[in-house]
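Here is a short tour for someone meeting this structure for the first time. Have a look at the sequence and the model, then read on for the layout, the core, one helix and the charged pairs.

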Amino acid sequence: MSLTLVPNASVGVEADVEPDGLAYSLTLPAALSTPAIARAVTRHILTAHHLPELIDAAVQAVGELTAAACRLTPAAQIYVSLRYRAGALRVTVYDGEPHPAHPRLAAALDARRRSALRLLARVVKCCEGAWGCDESPEPGGGTRTWAVLPRATTAAYAAAP
């Protein structure tokens, strides 16, 4: 497992300041324990950046994305990225599952992944965010799955009973 801390990350900022420098990358094993590790790291990062209103939704999103990636990838590792920009937290997970060239196979694979991420879809909808999956533009290929959680509307998710 590796954790990359970006030097300009704004740890220790005031609660009202936008943490535009929040940028973390993790390479994790595609193992059963990975979602729990990713959730714990996400909780710690958001706490350190004074973003308690994002914690519940982000931890749920990271857990769902990493669990699906670990279950679906043939690779030994997955890559998780947490970035805060323009008032929203962006969670991206890359895995090594190749995107088929045949349209029907690609559609079946997308349907399988979307079915595995139904809870993520509900969380993102409650937060008025967005999510999706597509072919990874990275040189190694695979699949990129992402979720965007706007800070303003995700605060209501955290406050819901």
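## The layout

The protein chain has five helices and six strands; helices (H or I, at least four residues) and strands (E, at least two) are DSSP runs, numbered from the N terminus. Starting at the N terminus, the order of elements in the protein chain is β-β-α-α-β-β-α-α-β-β-α.

Before going further, keep in mind that this is a predicted model, in which local features need pLDDT of at least 70 and side-chain atom pairs count only at pLDDT 80 or more, while totals for chains, interfaces and linings use all residues. Residues are numbered from 1 along each chain as its sequence is written, and side-chain values use heavy atoms, with hydrogens and water left out.

How much of the protein chain is buried? Of its 161 residues, 43% are buried. Here, buried means under 20% relative accessible area, exposed means over 50%, and partly exposed is in between (1.4 Å probe, protein chains only). As for contacts (heavy atoms within 4.5 Å), take those in the protein chain with a separation of 6 or more: 62% of them come from residues 24 or more positions apart.

## How the strands pair

Two strands pair if DSSP finds at least two bridges between them. β4 and β6 run antiparallel and are joined by eight bridges. In that pairing, Arg 90 sits opposite Val 148 of β6. β5 and β6 are antiparallel too, with six bridges joining them. There, Gly 132 has Trp 146 in β6 as its bridge partner.

## The nonpolar core

A nonpolar core is a set of buried Ala, Val, Leu, Ile, Met, Phe, Trp, Tyr and Cys residues joined through side-chain atoms within 4.5 Å. The largest one has 34 residues, and the members touching the most others are Leu 22, Leu 46, Leu 89 and Leu 120. Elements giving two or more residues to this core are β2 (23-29), α1 (34-48), α2, β3 (77-85), β4, α4 (118-126) and β6. The most come from α2, which gives 11 residues.

Try zooming in on Leu 46. Setting aside its neighbours within four places in sequence, Leu 46 is in contact with Leu 22, Leu 51, Pro 52, Leu 54, Ile 55, Ala 58 and Leu 89.

## Two faces of α4

Which residues of α4 are buried? They include Leu 120, Val 123 and Val 124. These residues lie on the same side of α4, because they cover an arc of only 95 degrees around the axis; the arc is that of the directions from the helix axis to the C-beta atoms. Turned away from that buried side is a face carrying the exposed residues Arg 118, Arg 122 and Lys 125. Among what covers the buried residues of α4 are α2, β5, β6 and α5. After α4 comes Glu 128, with a positive phi near 55 degrees.

## Charged pairs

Now for the salt bridges, of which the structure holds three. A salt bridge is a side-chain nitrogen of Lys or Arg within 4 Å of a carboxyl oxygen of Asp or Glu.

| Salt bridge | Closest N to O distance |
|---|---|
| Arg 151 and Glu 53 | 2.5 Å |
| Arg 113 and Asp 95 | 3.0 Å |
| Asp 134 and Arg 144 | 2.8 Å |

Take the pair of Arg 151 and Glu 53, whose closest N and O atoms are 2.5 Å apart. This pair links distant parts of the chain, with Arg 151 in helix α5 (residues 151-159) and Glu 53 in helix α2 (residues 52-72), 98 residues apart. Arg 151 and Glu 53 are both buried.

Arg 113 and Asp 95 are both buried as well. For the pair of Asp 134 and Arg 144, the side chains meet at 2.8 Å. Asp 134 belongs to strand β5 (residues 130-135) and Arg 144 to strand β6 (residues 143-150), 10 residues apart. Asp 134 is partly exposed at a relative accessible area of 26%, and Arg 144 is partly exposed at 23%.

## What about the cysteines?

A disulfide is a pair of cysteine sulfur atoms within 2.5 Å, and the count comes to zero. Why does Cys 127 have no such bond? The closest cysteine sulfur, in Cys 126, is 6.6 Å from the sulfur of Cys 127, so it is too far for a bond. Cys 127 is buried, at 0% relative accessibility, and Cys 133 is buried with a relative accessible area of 11%.
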